[in-house]
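Okay, thanks for squeezing me in. Have a look at the model on the screen, and I'll talk you through it.

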Amino acid sequence: SNSNNLNNNNLNNNNNKNNNEILEINEDPESTLLNWVNCNLDAAGSKRRLHNFSTDVSDSICYATLLSHLAPQKFSTNEIQFVIEEPIVERRATRLLEMAEAVGCRQFVSTDDIVQGNPRLNLAFVATIHNTFKSSDVKKDNIQQEQQQQQQQYKEQQHLNQLGNDNENNEYKLIINNLQSKIQDLEIENKQLKQHISFLETNLEQKQEQFNLKNQKLEEQLNESNHNNILLKRVIDEKQSQFNILESNTKEREKQLSKQIQLLESQLEQIRQQTRQTLE
């Protein structure tokens, strides 16, 4: 912003930088807050850095480091270790939110939002932390020196600083309002998504019922077909048995007829011979 540029031009030579002045306010609230968090992580001696508000915050460790650095009087070393050393990420996120509640910063996010890395809600959560602690110093080792320098420059910079702070507060108000507007849009989108999911679930249930009915009918038809096949097989077996009996009887009858024919032929031959003898 113009006010920040003006403040930086006048105060950079005096190293008069607090958390708000180290941040470069730009049109992107996410980049602004990422820079602010990383400055504080660096000041806390952490090697971790945030590049996003999703996967980088899902383990809650950066959040715990940030809050312990911003409010050291609130949290003991044991309390911080109690959060960081918790092996289950869901429990760690829950303990982190208890820390945030202790300093009045628990807004917008739940345990699942942190663990699952909801970027919009985590962005709003960090904006709340920033708005609560925006007067904290990033480099605490230089507090005394900065205060002395501020006292020396106080009279000549009082009006300018006041103007800068007012404009800076307006900038942050715009950022927060922008975030709140995005959150409202997200809530509307989430509501629409839930309605769509509900519609899909209802439609799926109807399709499942239709499928079950068709499947039941097919099973009934299959059972009926199997029953018919069994009956048909019985009929075929009976016919086959009858055919076999008939075939056996036929063969037996053929044998009997063949014998009768042979007998008749023999008798006929005898008659012929007798006839010849008589004629002679």
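**A salt bridge to start with**

Let's begin with one pair: D59 and R48 meet through their side chains in a salt bridge, with N to O at 3.1 Å. By salt bridge I mean a side-chain nitrogen of Lys or Arg within 4 Å of a carboxyl oxygen of Asp or Glu. The pair links distant parts of the chain, 11 residues apart, with D59 and R48 each placed in the loop between helix 3 and helix 4. Helices here are DSSP runs of H or I with at least four residues, strands are runs of E with at least two, and the numbering goes from the N terminus.

Is D59 buried or exposed? D59 counts as buried, because its relative accessibility is 18%. R48, at 30%, counts as partly exposed. The cut-offs are under 20% relative accessible area for buried, over 50% for exposed, and partly exposed in between, with a 1.4 Å probe and protein chains only.

Before I go on, a word on what you're looking at. This is a predicted model, where local features need pLDDT of at least 70 and side-chain atom pairs count only at pLDDT 80 or more, while totals for chains, interfaces and linings use all residues. Residues are numbered from 1 along each chain as its sequence is written, and side-chain values use heavy atoms, with hydrogens and water left out.

**The other bridges**

How many salt bridges does a search of the whole structure find? It finds seven, and I'll show you two more. R106 and E101 meet through their side chains at 3.4 Å, N to O. R106 is partly exposed at 40% relative accessibility, whereas E101 is exposed at 52%.

Then there's K233 with D237, whose closest N and O atoms are 3.3 Å apart. Both of these residues lie in helix 9, four residues apart, so about one turn of the helix. K233 counts as exposed at 52% relative accessibility, and D237 is partly exposed at 39%.

**The overall picture**

Zooming out, the protein chain has nine helices and zero strands. Of its 280 residues, 29% count as buried. The chain exposes about 19400 Å², with carbon and sulfur atoms supplying 47% of that; those areas come from the Shrake-Rupley method with a 1.4 Å probe, and for residues only the protein chains shown count as cover. If you take the contacts with a separation of 6 or more, residues 24 or more positions apart account for 61% of them. Contact, by the way, means heavy atoms within 4.5 Å.

**The core**

Now the inside. A nonpolar core, for this purpose, is a set of buried Ala, Val, Leu, Ile, Met, Phe, Trp, Tyr and Cys residues joined through side-chain atoms within 4.5 Å. The largest one has 38 residues, and L67, L96 and I129 touch the most other members. Helix 3 (29-43), helix 4 (61-70), helix 5 (77-84), helix 6 (89-102), helix 8 (119-133) and helix 9 (143-279) each supply at least two of its residues. Which helix gives the largest share of this core? That's helix 8, with seven residues.

If you click on L96, leave out anything up to four places away in sequence, and you'll see it touching S60, Y63, A64, L67, V83, I114 and F125.

**Helix 3 against helix 4**

The axes of helix 3 and helix 4 come within 9 Å and cross at roughly 70°. Axes are lines fitted to C-alpha atoms, for helices over the stretch in contact, and angles run from 0 to 180 degrees between N-to-C directions. That makes helix 3 roughly perpendicular to helix 4, a label that covers 65 to 115 degrees. On the helix 3 side you have W36, V37, N40, L41 and A43, and they meet C62, T65, L66, H69 and L70 in helix 4.

N38 is in helix 3 as well, and it counts as buried at 15% relative accessibility. Leaving aside neighbours within four places in sequence, N38 is in contact with R49 and L50.

**Two backbone oddities**

Last thing. Most residues other than glycine have a negative phi. S60, though, has a positive phi of about 70° and is not a glycine. S60 sits in the loop between helix 3 and helix 4 and is buried, with a relative accessible area of 1%.

F108 is another residue other than glycine with a positive phi, near 75°. You'll find F108 in the loop between helix 6 and helix 7 (111-115), partly exposed at 33% relative accessibility.

Notes:
Angles under 35 degrees count as roughly parallel, over 145 as roughly antiparallel, 65 to 115 as roughly perpendicular and the rest as oblique.
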